[in-house]
Amino acid sequence: MAEIKVPELAESITEGTIAQWLKQPGDEVEKGEYIVELETDKVNVEVISEEAGVIKELKAEEGDTVEVGQVIAIVEAGEGGGSSSSDESDNESSEDKSEEAKPEEKEEKNADENVEKQESSDKKERTIASPAARKLAREKGIDLSKIQTADPMGRVRKQDVEAHGTDSQKQEKKQDAPKKQETPAAKKDDGKPVTREKMSRRRQTIANRLVEVQQTAAMLTTFNEIDMTHVMDLRKRKKDKFHETHDVRLGFMSFFTKAVVAALKKYPYVNAEIDGDEVILKHYYDVGVAVSTADGLVVPIVRDCDRKNFAEIEQEIVNLAEKAKNKKLQLSDLQGGSFTITNGGVFGSLLSTPILNGPQVGILGMHTIQLRPVAIDAERSENRPMMYIAMSYDHRIIDGKEAVGFLKMVKELLENPEDLLLEG
């Protein structure tokens, strides 16, 4: 008999939530097979069985909070293999007896039943799915075993679940909607209809951290605007050659990342954090890039940006964004970081005040690019592609002069992008 315990997750994570049991009591399990999906503050983790056998007992239910080291399931060792063999033996003997003693019609019926059971069993065993696919299927009420996948190993992906949809499922959702409104729990005190949802662990963590930062940091925001004409011209001239050479698209993030690194070198207290009554100055440039996902905002880290070229930064951002959307981020992808860039402009934001990603003391907010009239000199004005940028900072260790100087340097480098080559 073996105990399945919540594994060590990370230094800062001591508990998780049971997102979904992949096995139920009585199910056979192989050594190394996934049996449960845990949702933690940062990533989803699948826990494996260290021993083959049969699931005897589940000690926690879906939605329960469990701590590292806690026993969550019991596996009865050796039962899986033995019962499987005896079942095959019993099936063979029963088939032999039926052949000898039962009429031909009975044999055909038994054979059909055996085939159906075998097909059902095979299909069940083949239903291997990624955590993202399981979560989406659970939300949509779709049976994973009914989803067709093009994966040669039979693994169901998120896109397979999205592609799978029937009229009956849509009808079920329509029928479920009014029922939710009729329940007492779905009404406010004044009787108005509402929908009550439990916040996911990740959303709770995001909420708590943002409130904590606002309560503990002396946060202030300074603004500037960038004329994006030269960056856009350079990108337009070089993007095809860049893509042909590096097989990755040349976006704006690599320009901003390089400009931020150069400014951090000049203003080192922006690349720091507070630890008690001490300031830790970081001599590395690991820049977090905020990525929006269905479960909330995550900030994976692009490491050693001062040592990477434009293509390497762009490729790393693409890889991390893809992992974030497919729920494949590892804890190591999210830990650390010395500064963060967030781009609300992709959603059309014109101006915002980004909240610090503690314990960092600085964050840069990018916004949408708009054509606006700009004075060229006393006589002329032109329509230029302009972007507002915002820098929130912790005023406990960063003075206004440093913050404004930092943002101004980012602006100047992006308005003269050739200078980034010299800085990089």
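Tutor: Two strands pair if DSSP finds at least two bridges between them. Strands (E, at least two residues) and helices (H or I, at least four) are DSSP runs, numbered from the N terminus. This is a predicted model, in which local features need pLDDT of at least 70, side-chain atom pairs count only at pLDDT 80 or more, and totals for chains, interfaces and linings use all residues. Residues are numbered from 1 along each chain as its sequence is written, and side-chain values use heavy atoms, with hydrogens and water left out.

Student: Which residue in strand 5 stands opposite Val 36?

Tutor: Strand 4 (residues 34-39) and strand 5 run antiparallel and are joined by five bridges. In strand 5, the residue opposite Val 36 is Val 47.

Student: Which strands are the edge strands of the open sheet with the order 5-4-2-7?

Tutor: This open sheet has four strands with antiparallel pairing. An edge strand here pairs on one side only, which holds for strand 5 (44-48) and strand 7 (65-67).

Student: Which residue is the bridge partner of Lys 5 in strand 8?

Tutor: Strand 1 (residues 2-5) pairs with strand 8 (residues 71-77) in the antiparallel sense, over four bridges. In strand 8, the partner of Lys 5 is Val 71.

Student: Which residues of strand 1 point to one face and are buried?

Tutor: Buried means under 20% relative accessible area, exposed over 50%, and partly exposed in between (1.4 Å probe, protein chains only). Side chains alternate along strand 1, and Glu 3 and Lys 5 point to the other face and are not buried. The buried residues are Ala 2 and Ile 4.
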